[in-house]
Amino acid sequence: MATLPSKPIADDVSLLVVLIDTNPFFWSTSSSSLNFHQFVSHVLVFLDLIVRLSQLNQIVVIATGHNTCDYIYDSSLDTDQVTGEGELPALYSFVLQRLEEFVNKDEKLGAKQDGLSEKRVSSLLSGSLSMALCYIQRVFRSGPLHPQPRILCLQGSPDGSEQYVSIMNAIFSAQRSMVPIDCCYVGSHNSAFLQQASYITGGVYVKPQHLEGLYQYLATVFAVDLHSRSFLQLPRPAGVDFRASCFCHKTTIDMGYVCSVCLSIFCKHHDKCSTCGSVFGKAQLDAASDRKRKASES
Amino acid sequence: MPQVRIIAKNFMDMVAALPAMKLDILYENPFICEAILRSLPPLAKKYVTQMLFSEGSITAKLLEEWVLPDGSTKHRVSIDRLVQLRIFTESVESGRKKEKSYRLNPTFQANLQKRITTGGVLPREPMPPSLTGRLPSLEELEKYALEQWECFLLHLINSGQAEKVTSFSPSMMRVFQRGLLSQSKDPKLTESGFQFLLMETNAQLWYIIREYISNSEERGVDPVDLISFLLELSFHMTGKAYNLNTLTDVQRSTLSDLADLGLVKLQKGRNDSWFIPTKLATNLSVSLADSSTRKQGSIVVETNFRVYEYSASKLHSEILRLFSRVEYHLPNLIVAAITKENLYGAFENGITADQIVSFLQQNAHPRVAQRTPSVPENVTDQIRLWETDLNRVEMSPAHLYDDFHSREVFEAACDLAREWSGLLWEDSDKMRVVVKAEIHQNMRDFIRGQRQ
């Protein structure tokens with residue numbers, strides 16, 4: 001018997017979770033033609049566009065800071081319908097105000113930990129990705145009717161290799177729940193994490209060549225709903241940096257040791273796996289070099 | 001969603017059919033630009049957003065390059081719609097290549113740009129609470145809207161159950177009923193009328209609005225004014241009061257009709273009077289696109305063919321009455337039984353089993369909606385079986401042959417009919433055979449040949 005499949009409201013209604021990078025280290029040093037102010041204004045227009053494309057479209061904005069991340073805006077909550085002061089629409093003034101609060105909070109948190117933390121310049125992408133996925137899970141569970149979710153990362157700061165494990169976990173859980181992660185990387189070098197995220201989840205990775213036209217990139221590539229994507233020519237990845245980070249020193253490596261039990265990655269040979277505790281035998285490479293050394297001694 | 005033929009797929013077809021000059025007038029209003037943007041097919045939306053901030057035109061070839069081969073039909077549909085709505089203007093370059101190129105309608109583009117970057121103000125400001133006093137809450141408003149709408153529907157189907165009277169003139173009512181009720185002395189719901197009742201509210205609303213607009217010229221109202229006012233109305237905020245003074249005379253008279261439909265609530269204060277848009281009004285532009293909105297159902301069907309509907313509405317009981325026997329009517333509950341007699345009645349009136357089943361499924365109570373299937377299988381199967389019972393006899397034009405002069409000829413004729421797969425019946429004792437009308441010519445030629 002035909003049963004009603006759990007189907008989203010319509011093919012072209014989307015739930016867009018946008019992660020905005022507010023990392024002060026990146027934005028203060030970014031030498032590119034785009035400063036934070038311009039960046040935000042491009043993004044705001046884009047957000048407004050998404051909401052206007054369909055009344056059922058929903059957006060959630062999450063700020064990715066240096067020390068923390070937080071929900072900035074959720075269009076499904078009626079934010080007491082403040083009519084915008086002056087010329088700006090309500091959405092703009094609300095998001096701007098919340099962003100400012102967030103940046104201040106982030107700064108305070110940073111000041112507190114200043115002594116403890118080392119020179120870390122990446123932002124807390126793993127945190128905001130997890131928050132986005134949690135939100136999407138809640139939407140999935142809210143009932144059979146829900147818009148099609150996708151995540152858009154607007155990232156500028158370099159990868160924090162210490163977050164490798166948690167980011168990869170987030171990516172795989174996104175893949176499992178069929179949520180594509182789109183990335184628009186505005187930094188100077190490509191981000192290996194985000195390239196992998198888009199590649200694995202079937203999203204789109206774009207590194208705009210002309211940052212002053214960021215809005216055009218956003219509107220052209222990321223405003224398209226998931227249904228229409230299937231018949232559009234979208235930017236394809238030129239090459240994905242698949243390198244992993246090791247679990248012990250969090251450095252990106254080309255070649256390393258993999259635990260045969262839990263697949264943890266290490267850059268150096270260990271006696272015991274730090275993740276699952278399995279005991280390793282002597283590595284071939286080391287054994288060979290040992291023999292050589294012995295040979296030279298004798 | 002019951003497949004309903006009586007409703008043209010989209011309200012926008014009507015807008016697209018407007019003459020060019022009137023469309024240009026429509027686009028001078030940024031709200032209408034936005035409403036129209038929302039109604040576009042997804043690919044068309046993409047083209048508009050992409051070209052929104054770029055000046056100049058784009059060649060058709062370049063546009064096509066964005067689309068994969070699979071999507072070329074969708075691409076063409078989108079482009080056609082954009083050209084139809086005059087959002088795209090087509091120009092053919094006079095050069096030797098004769099390339100087609102498109103550009104956005106400048107008024108549309110400018111208005112949409114303004115709307116997105118600066119938001120723009122609502123067509124009219126809501127009145128301050130100091131002037132209006134306490135306004136109805138959103139729940140009250142929704143209840144009011146549904147009551148009005150149901151009352152209107154009850155009138156529409158000429159049920160004696162309606163308590164209030166609508167202010168629609170009988171002639172107006174007749175316009176709405178055209179196509180839904182049979183035009184005899186004792187009006188009865190037609191097939192499409194039944195389908196109309198089984199549709200969801202938004203689709204019903206658009207059907208009525210469409211009739212209302214297409215009838216507007218007879219009443220001396222410009223359809224463009226009506227369309228723009230209706231689209232504008234959908235951008236007002238639900239539950240806020242808006243002063244009637246800000247409206248033109250035409251709009252005010254329209255508004256009293258809309259109040260009858262439950263789109264707005266009219267209220268009078270000491271000095272001013274105002275209108276409060278309800279959810280029905282603000283959802284108007286949502287339903288422009290083909291997407292359906294969520295609606296919570298209230299029907300539980302049990303395996304013993306009992307139907308329970310948790311609703312106090314008379315309209316619901318009228319709808320249930322279309323295909324089942326209503327047994328009790330409690331204050332918040334209608335109990336009905338699906339019986340063979342009632343279903344036969346429904347089938348005779350042109351409702352199909354699939355429509356009934358999908359209606360039951362769509363309106364399933366949230367508790368049972370979680371289950372699969374939401375309507376017990378034995379019930380759905382039985383409904384379908386009863387329907388096929390009615391279709392037991394199939395008619396097809398045929399020809400009967402008898403008086404064959406020899407058994408050989410008869411056998412050969414039967415074989416021929418079998419070869420053409422047109423044999424319907426044969427009786428070898430009395431040498432009679434019935435074949436489909438299509439192969440009559442071949443049979444006749446064959447038998448004539450045999451005779452010689």
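## Exercises on salt bridges and a sheet

At 16% relative accessibility, B:E318 counts as buried, a statement that, like those below, refers to a predicted model.

**Exercise 1.** Determine how B:E318 and its salt-bridge partner B:R321 are placed in sequence and in exposure.

*Solution.* The closest N and O atoms of B:R321 and B:E318 are 3.8 Å apart, which satisfies the cut-off of 4 Å for a salt bridge. Both residues belong to helix α16 (residues 314-321) of chain B, where a spacing of 3 residues separates them by about one helical turn. B:R321, with a relative accessible area of 41%, is partly exposed, whereas B:E318, at 16%, is buried because the limit for that class is under 20%.

**Exercise 2.** Find which helices the salt bridge between B:D354 and B:R384 connects.

*Solution.* The closest N and O atoms of this pair are 3.0 Å apart. B:D354 lies in helix α18 (residues 353-362) of chain B and B:R384 in helix α20 (residues 377-390) of chain B, so the salt bridge ties together parts that are 30 residues apart in sequence. B:D354 is partly exposed at 46% relative accessibility, and B:R384 is partly exposed at 28%.

**Exercise 3.** Work out which strands stand at the edges of the open sheet of 3 strands in chain B.

*Solution.* The strand order is β1-β3-β2, with antiparallel pairing. β1 (58-59) and β2 (88-92) of chain B each have a single partner strand, so they stand at the edges and one side of each lacks a neighbour in the sheet. Helix α4 (residues 42-51) of chain B packs on the sheet and touches β1, β2 and β3 of chain B, its direction making about 75° with that of β3(B).

Terms used
Residues numbered from 1 in each chain as written. Chains lettered and ligands numbered in written order. Predicted model: local features only at pLDDT ≥ 70, side-chain atom pairs only at ≥ 80, totals over all residues. Heavy atoms only, no water. Pairing = 2+ DSSP bridges. Helix = DSSP H or I, 4+ residues; strand = E, 2+ residues; numbered from the N terminus. Contact = heavy atoms within 4.5 Å. Axes fitted to C-alpha atoms, helices over the stretch in contact; angles between N-to-C directions. Salt bridge = Lys/Arg side-chain N within 4 Å of Asp/Glu carboxyl O. Buried < 20%, exposed > 50% of the residue type's maximum accessible area, 1.4 Å probe, protein only.
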